[in-house]
Amino acid sequence: MDQSDMVMIPNTPTLVAEENVHHKRYASTKNLAQAAQESVALDQIGAPAPMPSRQRGPAIKEPRKNESSPSKDRLPEVGEYFDNDKGDRFIFRQKLGDGAMGHVFLSVHGGRTVAIKTEKHSTGMLPMEIKVLMMVKRNKGKHFCDLIDYGALRREYNYMVISLLGKDLYRLRAEMPTRSFSLNTTTKIALETLEAIEDLHSVGYLSRDVKPSNFAPGIREQGQHKTIFMFDFGLAKKFLDRDNRKIKSRGEVGWRGTVRYGSLQAHKRQDLGRRDDIECWFYMLVEMIVGELPWRHMTDRQVVGQTKAAIRKETRERFFSRLPRQFETIMGMIDGYSFDIRPEYKHLKALIQEIRSEYQIPERCTWDWQTEESEHSELTETTSVMSDMAIMAEQGATNYTDQQ
Ligand SMILES: Nc1ncnc2c1ncn2[C@@H]1O[C@H](COP(=O)(O)OP(=O)(O)OP(=O)(O)O)[C@@H](O)[C@H]1O
C-alpha cells in the first residue's frame, strides 16, 4: 500500500487521495469560502467567479453553552436549520442520502426544492466539489447542479446548497424488474453521461469515479428530468497544470475509484487519465444493458481486475454476445488510448447514435423509470427504497485506497 499519498480523514474510516489533502488543510485552518476561492485562483482557468462572502454566523437552533469553547465537529440532523447572511433559512427537511463524507438533505429555498450536501467541518472535501462545480458551471455545463449557496456553520459542518436531483442511476436500475434498462434508455444515458464527462474534462478535471450512483436525472419540477446530471467530485483531480499543459503520469500511485467500474489501469494502481473515465463509463453502460457485469459477485479487487482482462481475451465472445456490435469497437478504442490522449468523444457519440438508428429507436422516448406514478410525484423520484449502505455493499463502495 502506497501510504505516502494518502491521508486519514479524522472521524471517518475513509482514506482520501493526496491531491485532495490541501483542501482539508485549508478548511481546517480557514473558512470554506476562502479555501474554495484560493483554489480557484490557483487554477487560473477563465475569469475568477464571484464568490459569496462566508463564515456564517451562529444559526443552529441549539443553546450555545460556552462562547469560548471550541465548536463541535459534527453533522447536522433532520429538523435543524441555519440562516444565511441574506436571511434565507434552510431547514434540513429530509435525509436524501449518506455519503462517505457526510449527509445530503432535502430543503426548500425560494420556493424551490434543493439538496444540501454536508460534511463535518474537519473533513474539508467540499471545497473541491465547490471548485469543480464553479468551473463547469462557468463553462455552462448543463449536466451539473447549480451551486445555490455554500459555507460553513461555525466550525461544526460545511455545506453546499445545490439543485435537487432524482434517484441516482444505480438505484433506478436496481428497481427495474430485470435490473437492466432498455437499449433506448441506456443509449440516451450513454449520450448524456458522455457529454457530462466531456464537459468535466474540458475544464481540466478528471472524475476518477465514473459510476451509475454518481449520475441522476434532474427533477420534473425544474423541467430538468430529461437531463442526466453528474455529481460527487470527491475524487476529482486536475489533469492540466496552470498553463493548461497536461500533467505527466505519476506512474504507480495506488488504487483510486470503485472496484466494480475501475479501469484496467486503476487495477494496476497507475495514475489515471481521461481514458480511464471513459472505461468506467463503458462498464457502467454494459451493466445497464445486460443487468450485471461478469465480476458482479467478486469482492477481491485483484480477481475483478483479472476478469476485466479476460473479457479482452478468453471470455470476449461471451461478454459481447449480449451487446450491440458497436460495444466491441468502443472497447477497442478505449484500450488503444494512451494516458494523456484526448478521448474521441465525437466518435464515441456517433457509435451510440449508430446503435439507436440500427435498432430503429425513435428520437422521442421516455426513460424506463418514468412510470405514470412518478410522472406525477416528484417525491417518488427523490425518495429511495434502497439504502446507501446496500448500494455501497453491492458495487464495492468507493474504495479510495488499497487498505479497504
Ligand atoms: N443533488 C442531489 N439531489 C438529490 N440527492 C442527492 C444529491 N446529491 C447527493 N444526493 C444523494 O446523496 C447520496 C450521497 O451523495 P454524494 O455521493 O454526493 O456524497 P459522498 O459523500 O461524496 O458519497 P460517496 O463518495 O460515498 O458516493 C447520493 O448517493 C444521493 O443519493
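Q: Which strands each supply at least two residues of the shell around the ligand?
A: Heads up, this is a predicted model: local features need pLDDT of at least 70, side-chain atom pairs count only at pLDDT 80 or more, and totals for chains, interfaces and linings use all residues. Residues are numbered from 1 along each chain as its sequence is written, and side-chain values use heavy atoms, leaving out hydrogens and water. Strands are DSSP E runs of at least two residues and helices H or I runs of at least four, numbered from the N terminus, while a residue is near the ligand if one of its heavy atoms lies within 4 Å. The strands you want are β5 (94–98), β7 (112–120) and β9 (157–163).

Q: How many residues of the shell around the ligand are charged?
A: Asp, Glu, Lys and Arg count as charged, Ala, Val, Leu, Ile, Met, Phe, Trp, Tyr, Cys and Pro as nonpolar, and the others, including Gly, as polar. On that split, ten shell residues are nonpolar and three polar, and the charged ones number five.

Q: How far is a polar side-chain atom of lysine 117 from an oxygen atom of the ligand?
A: Lys117 is among the closest of the 18 residues surrounding the ligand. Its polar side-chain atom and that ligand oxygen are separated by 2.6 Å.

Q: Is α7 roughly parallel or roughly antiparallel to α10?
A: Axes are lines fitted to C-alpha atoms over the stretch in contact, with angles running from 0 to 180 degrees between N-to-C directions. α7 and α10 (residues 326–336) pack at about 160 degrees, their axes 10 Å apart. Angles under 35 degrees count as roughly parallel, over 145 as roughly antiparallel, 65 to 115 as roughly perpendicular and the rest as oblique. So α7 and α10 are roughly antiparallel.

Terms used:
Polar contact = N/O pair within 3.5 Å; in protein donor to acceptor, adjacent residues only side chain to side chain.
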